[in-house]
Amino acid sequence: MVNAFSSNNILLTIMDTLTGDKVDLAQAKKAFNATAGDFRARFTAAVAVLLAADAATEVFIEIPADPENMTEADLDNLVRPVAGRHLRSYPTKAELLSHLESVRLRQEQRPAWIPRTDVLGNPLSSPSVEPNRQLVITALPEVGPVTVELPTRQEERPELAPGGIGEWESALLTLLRVTGETSPAEVIEVDADAVSALVPEEARWWPSGEPKPLTAAEDPAVASELVATATSLGGIAVLDNTPDGYTALLDAVAAAGDWRYSPRWQLEIWLPGEDVTVLTTARAAAAGWADEQRGGLVIYVHGGALHPVEGLQGVPDPLHSYVLVVTRATGGADSVDTVHRITLSCPEDRCRRGGCPDAESPEIDAVLSLVVTAAAAAETAAAGEWAEVYDQLYGHTAEPEYLDRVLELATAVLMGAGWVALDESVWDGGLEEVLLRRGEHCLHVGYDPVTRQVSLMDGKHELEFTLQLLADDGLLSSENRVDLSAGAVDHWSADLLAAADDLLRGDLKDLTRLSPPVQLSLLGLHPLADGSLRGPLAETLVQNQLIALFAATGLLAGLESTVA
């Protein structure tokens with residue numbers, strides 16, 4: 001019988017294991033800050049790190065699919081090394097199967113932080129989620145290569161258009177930690193020395209030892225500083241604080257979709273001239289933007305600092321605060337047209353280019369203040385009881401009961417311009433396709449929710465494939481005509497059968513505007529989500545991008561504009 005003293009001694013031992021003087025809490029703090037969700041999820045992650053240091057290694061076995069077909073001897077050899085309770089010397093087969101079921105349940109319920117080996121003592125990796133598909137993007141040589149993750153490991157997917165704005169979005173949001181398994185409630189400790197190492201040695205007025213450089217892929221603050229000061233991105237000149245840039249910023253914010261936020265970046269930096277240490281915090285906000293003519297990507301990096309003497313400050317020294325507006329080329333292209341940057345604050349004495357032009361538009365602060373105040377609400381929501389609601393709207397894990405699909409929206413826009421949907425299909429991995437017809441032309445529209453890209457091509461080839469299926473069903477006559485009878489319509493749509501018959505008669509023409517096919521990235525959808533219309537503003541944002549694309553390729557114009 002356990003008395004009160006023994007019970008409390010157990011509790012004190014647990015307390016000492018978690019918070020004793022010899023416990024390194026740095027990793028626990030890191031796990032707490034890096035975990036999305038409410039306090040319970042973050043606290044659990046921190047405790048798991050501490051317990052993992054003292055966890056004993058367990059032996060795991062592979063559970064056979066049909067243990068009932070095994071002999072008693074084989075079952076005994078399998079179960080005995082891992083039996084968690086007493087196993088008789090000569091157990092029955094029923095007893096062995098009961099023990100095996102207990103082992104299966106135990107192994108399934110063990111958390112990933114429990115170390116494990118096989119029966120021979122070979123280490124086993126902990127179970128993990130299926131790996132995402134990794135792509136290395138080199139479209140922004142000024143900041144270096146970045147490995148982005150797409151939510152599938154299937155390799156047979158279309159690639160992101162090389163150098164296209166879709167690659168820019170994936171790369172920049174990954175570098176700034178707006179994507180991935182992160183939330184605005186998390187805190188990332190960034191490296192002050194790595195930020196300082198960006199400043200040329202001859203310009204460093206402060207005493208410094210060996211520089212400790214990190215790449216943009218390793219530290220979001222380093223990435224942000226490179227973006228804030230590069231004279232070009234993707235080989236395109238960055239236009240700093242121009243009148244056109246102010247207009248582009250106002251247009252982008254007005255037409256922005258849902259804003260998504262990075263975790264808070266935090267660093268402490270020593271100011272040798274004042275002999276004080278300053279706490280700085282910053283974060284990135286990113287959104288796709290589009291009206292019915294133009295669109296692109298907008299990124300806003302903002303923050304503040306706490307000076308032990310001067311108090312709170314509204315700029316994130318030694319980091320820059322800025323807005324980057326990337327505008328997509330018109331005409332249905334996926335390339336980047338212009339890159340504008342508005343620098344809102346510059347740490348002149350720690351700027352890698354020696355200082356930046358000052359912004360001179362008083363409207364900017366008022367426009368951007370809404371983004372900042374929304375960030376505070378996002379951080380609070382993502383950390384508490386509202387975490388699931390926030391993630392359903394802006395994240396990538398919790399999935400709402402129903403989400404509109406991009407291809408449904410694309411079809412609706414095209415049907416408004418006279419196109420008729422003939423057939424629609426969804427393939428393994430989520431690839432979506434729809435075949436449409438208007439007059440003498442057929443159109444094939446595809447959407448890949450993994451790469452978030454829409455493809456447009458002449459639909460005659462897809463219709464020719466349909467003819468093969470109709471032939472297999474015996475719906476092609478000896479006169480090379482399609483059976484349009486009521487019996488055929490019971491299994492195939494009348495519009496599809498009529499289009500196939502017109503193709504055989506040579507009444508359909510090539511859609512030359514789509515030769516070669518057009519491929520366009522839809523911006524503003526979470527890069528690690530499912531490519532669906534998640535977020536309150538997602539439908540409007542995507543609809544504007546689709547209208548601009550369809551208009552540029554002549555698909556919304558009259559029939560005469562698409563005649564071959």
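**Exercises on a predicted model**

**Exercise 1.** Determine whether Arg104 is buried, partly exposed or exposed, and describe the salt bridge that Arg104 makes with Glu101.

*Solution.* Step 1. Arg104 has a relative accessibility of 25% and therefore counts as partly exposed, since the partly exposed class lies between the buried limit of under 20% and the exposed limit of over 50%. The structure is a predicted model, and this value is computed from it.

Step 2. Glu101 has a relative accessible area of 37%, so Glu101 is partly exposed as well.

Step 3. The two side chains form a salt bridge, with an N to O distance of 2.4 Å.

Step 4. Glu101 and Arg104 both belong to helix α5 (residues 93-109); because they are three residues apart, about one helical turn separates them.

**Exercise 2.** Establish which parts of the chain are linked by the salt bridge between Arg353 and Asp240.

*Solution.* Step 1. In this pair, the closest N and O atoms are 3.1 Å apart.

Step 2. Asp240 is in strand β8 (residues 236-240), whereas Arg353 is in the loop between β15 (336-345) and α10 (363-383). The partners are 113 residues apart, and the pair links distant parts of the chain.

Step 3. Arg353 is partly exposed, at 29% relative accessibility.

**Exercise 3.** Identify the residues that are linked with Arg505 in a network of salt bridges.

*Solution.* Step 1. Begin with the pair Arg505 and Asp507, whose side chains meet in a salt bridge of 3.4 Å, N to O.

Step 2. Assess accessibility: Arg505 is partly exposed at 46%, and Asp507 is partly exposed at 32%.

Step 3. Extend the pair to the network, which also contains Arg437, Asp501 and Asp502. For the structure as a whole, the number of salt bridges is 22.

**Exercise 4.** Describe the largest nonpolar core and the contacts of Leu324, one of its members.

*Solution.* Step 1. The largest nonpolar core has 52 residues; Trp168, Leu233, Ile299 and Leu324 touch the most other members.

Step 2. Leaving aside residues up to four places away in sequence, the contacts of Leu324 include Leu172, Val227, Leu233, Leu297, Val298 and Ile299. Val339, His340 and Arg341 are also touched by Leu324.

Step 3. A second core, separate from this one, has 29 residues, among them Tyr447, Val454, Leu511 and Leu546.

Step 4. For context, nonpolar side chains in soluble globular proteins tend to be buried together.

**Exercise 5.** Locate Leu11 and decide whether Leu11 is buried or exposed.

*Solution.* Step 1. Leu11 is part of helix α1 (residues 4-19).

Step 2. With a relative accessible area of 52%, Leu11 is exposed, because the class requires a value over 50%.

Step 3. Together with Ile10 and Ile14, Leu11 makes a nonpolar surface patch of about 290 Å².

**Exercise 6.** Work out the strand order of the open sheet that contains β1, β2 and β3.

*Solution.* Step 1. The three strands are arranged in the order β1-β2-β3, with mixed pairing.

Step 2. β1 (58-59) and β3 (123-124) each pair on one side only and are the edge strands.

Step 3. β1 and strand β2 (residues 116-117) run parallel and are joined by two bridges. The bridge partner of Val59 in β2 is Thr117.

**Exercise 7.** Characterise the surroundings of Leu214.

*Solution.* Step 1. Leu214 is in the loop between α7 (192-196) and α8 (220-229), and is partly exposed at 30%.

Step 2. Beyond residues up to four places away in sequence, Leu214 touches Asp191, Ala194, Asp219 and Val222.

Definitions and conventions: Residues are numbered from 1 along each chain as its sequence is written. This is a predicted model: local features need pLDDT of at least 70, side-chain atom pairs count only at pLDDT 80 or more; totals for chains, interfaces and linings use all residues. Side-chain values use heavy atoms; hydrogens and water are left out. A nonpolar core is a set of buried Ala, Val, Leu, Ile, Met, Phe, Trp, Tyr and Cys residues joined through side-chain atoms within 4.5 Å. Buried means under 20% relative accessible area, exposed over 50%, partly exposed in between (1.4 Å probe, protein chains only). Contact means heavy atoms within 4.5 Å. Patches are made of residues with over 30% relative accessible area and no salt bridge: like charges are joined within 9 Å, nonpolar side chains (Val, Leu, Ile, Met, Phe, Trp, Tyr) within 5 Å. Accessible areas come from the Shrake-Rupley method with a 1.4 Å probe; for residues, only the protein chains shown count as cover. A salt bridge is a side-chain nitrogen of Lys or Arg within 4 Å of a carboxyl oxygen of Asp or Glu. Helices (H or I, at least four residues) and strands (E, at least two) are DSSP runs, numbered from the N terminus. Two strands pair if DSSP finds at least two bridges between them.
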